[in-house]
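These are my notebook entries on a structure that I had not looked at before. I went through it step by step and wrote down what I looked up.

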Amino acid sequence: MRYTLDDGEKLNQEFPETFWIPSNVERENLLPGELVKLIFRISLESEQHVERMWVLIKERTTNGYIGELDNDPYCTNELRHGALVEFEPVHVIQIYEELPQA
């Protein structure tokens, strides 16, 4: 099992009317403790699966971030909640925002 992360900026450029992403400023200034969604392209032998999963940012790096996977993918048991994931701002397709309490 191996995975790659899709480039959210590229998808936004290809489909600007239907694939929205946070601004560059938001994606480049995330902090530890924030939750972001990434697109994982998971290869299993001859099969390829695509899953959108949440990652909890643990630290900033010179090129981006290191986070912990906050989901379990449906397609494999080899990648689990808590796995470390290195990613860059281009990979971020959503930033979790809590809705205000009514």
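**Entry 1: the whole chain**

How many Å² does the protein chain expose, and what share of it do carbon and sulfur atoms supply? I noted that the model I am reading is a predicted one, and then looked up the surface: the protein chain exposes about 6800 Å², of which carbon and sulfur atoms supply 46%. Turning from the surface to the interior, I found that buried residues make up 37% of the 102 residues in the chain.

Next I listed the elements, and I wrote down two helices and six strands, which follow the pattern β-α-α-β-β-β-β-β when the chain is read along the sequence. The radius of gyration is 14 Å, close to the 13 Å that the globule rule gives for 102 residues, so I recorded the chain as being as compact as a globular protein of that length. For the outline I noted that the C-alpha atoms fill a box of roughly 40 × 35 × 30 Å along the principal axes. I also looked at contacts with a separation of 6 or more, and residues 24 or more positions apart account for 53% of them.

**Entry 2: strand pairing**

I then followed the strands, starting with β2 (35–44) and β3 (47–60), which pair in the antiparallel sense over 10 bridges. These two strands form a hairpin with two residues between them, and within the pairing I found Ile-39 standing opposite Arg-52 in β3. The strand β3 also pairs with β4 in the antiparallel sense, here over five bridges, and I noted Val-55 opposite Leu-69 in β4. This second pair is again described as a hairpin, with four residues between the strands.

In the turn between β2 and β3 I stopped at Glu-45, which has a positive phi of about 50° although it is not a glycine. I looked up its surroundings as well, and Glu-45 is exposed, with a relative accessible area of 87%.

**Entry 3: the nonpolar cores**

Which residues have the most contacts inside the largest nonpolar core? I found a core of 17 residues, in which Val-36, Leu-38, Phe-40, Val-55, Val-85 and Phe-87 are the ones with the most contacts. The elements that give two or more residues to this core are β2, β3, β4 (65–69) and β5 (84–87), and β2 gives the most, with five residues.

I took Phe-87 as an example and read off its contacts beyond four places in sequence: among them are Leu-5, Val-36, Leu-38, Val-55, Ile-57, Tyr-65 and Val-92. There is also a second, separate core of five residues, which includes Phe-19, Ile-21, Ile-39 and Ile-93.

From this second core I followed Ile-93, which lies in the loop between β5 and β6 (94–95) and is buried, with a relative accessible area of 7%. Leaving aside residues up to four places away in sequence, Ile-93 touches a set that includes Phe-19, Trp-20, Ile-21, Pro-22, Ile-39 and Arg-52. I also noted that Ile-93 and Ile-57 are 36 residues apart in sequence and 14 Å apart in space, C-alpha to C-alpha.

**Entry 4: salt bridges**

How many salt bridges does the structure hold? I counted three, and I went through each pair with its exposure.

The side chains of Asp-6 and Arg-41 meet at 2.7 Å, N to O, and this pair links distant parts of the chain, with Asp-6 in the loop between β1 (2–5) and α1 (8–14) and Arg-41 in strand β2, 35 residues apart. Asp-6 is buried at a relative accessible area of 11%, whereas Arg-41 counts as partly exposed at 28%.

Glu-9 and Arg-27 form a salt bridge at 2.9 Å, N to O, which links helix α1 with helix α2 (residues 24–28) across 18 residues. Of this pair, Glu-9 is partly exposed, with a relative accessible area of 24%, while Arg-27 counts as buried at 3%.

The remaining pair that I looked up is Arg-80 with Asp-72, whose side chains meet in a salt bridge at 3.0 Å, N to O. Here Arg-80 is partly exposed, with a relative accessible area of 31%, and Asp-72 is partly exposed as well, at 37%.

Definitions and conventions: Residues numbered from 1 in each chain as written. Predicted model: local features only at pLDDT ≥ 70, side-chain atom pairs only at ≥ 80, totals over all residues. Heavy atoms only, no water. Buried < 20%, exposed > 50% of the residue type's maximum accessible area, 1.4 Å probe, protein only. Core = buried A, V, L, I, M, F, W, Y, C linked by side-chain atoms within 4.5 Å. Contact = heavy atoms within 4.5 Å. Salt bridge = Lys/Arg side-chain N within 4 Å of Asp/Glu carboxyl O. Rg over C-alpha atoms; globule rule 2.2 N^0.38 Å. Areas by Shrake-Rupley, 256 points an atom, 1.4 Å probe, with all protein chains shown as cover. Pairing = 2+ DSSP bridges.
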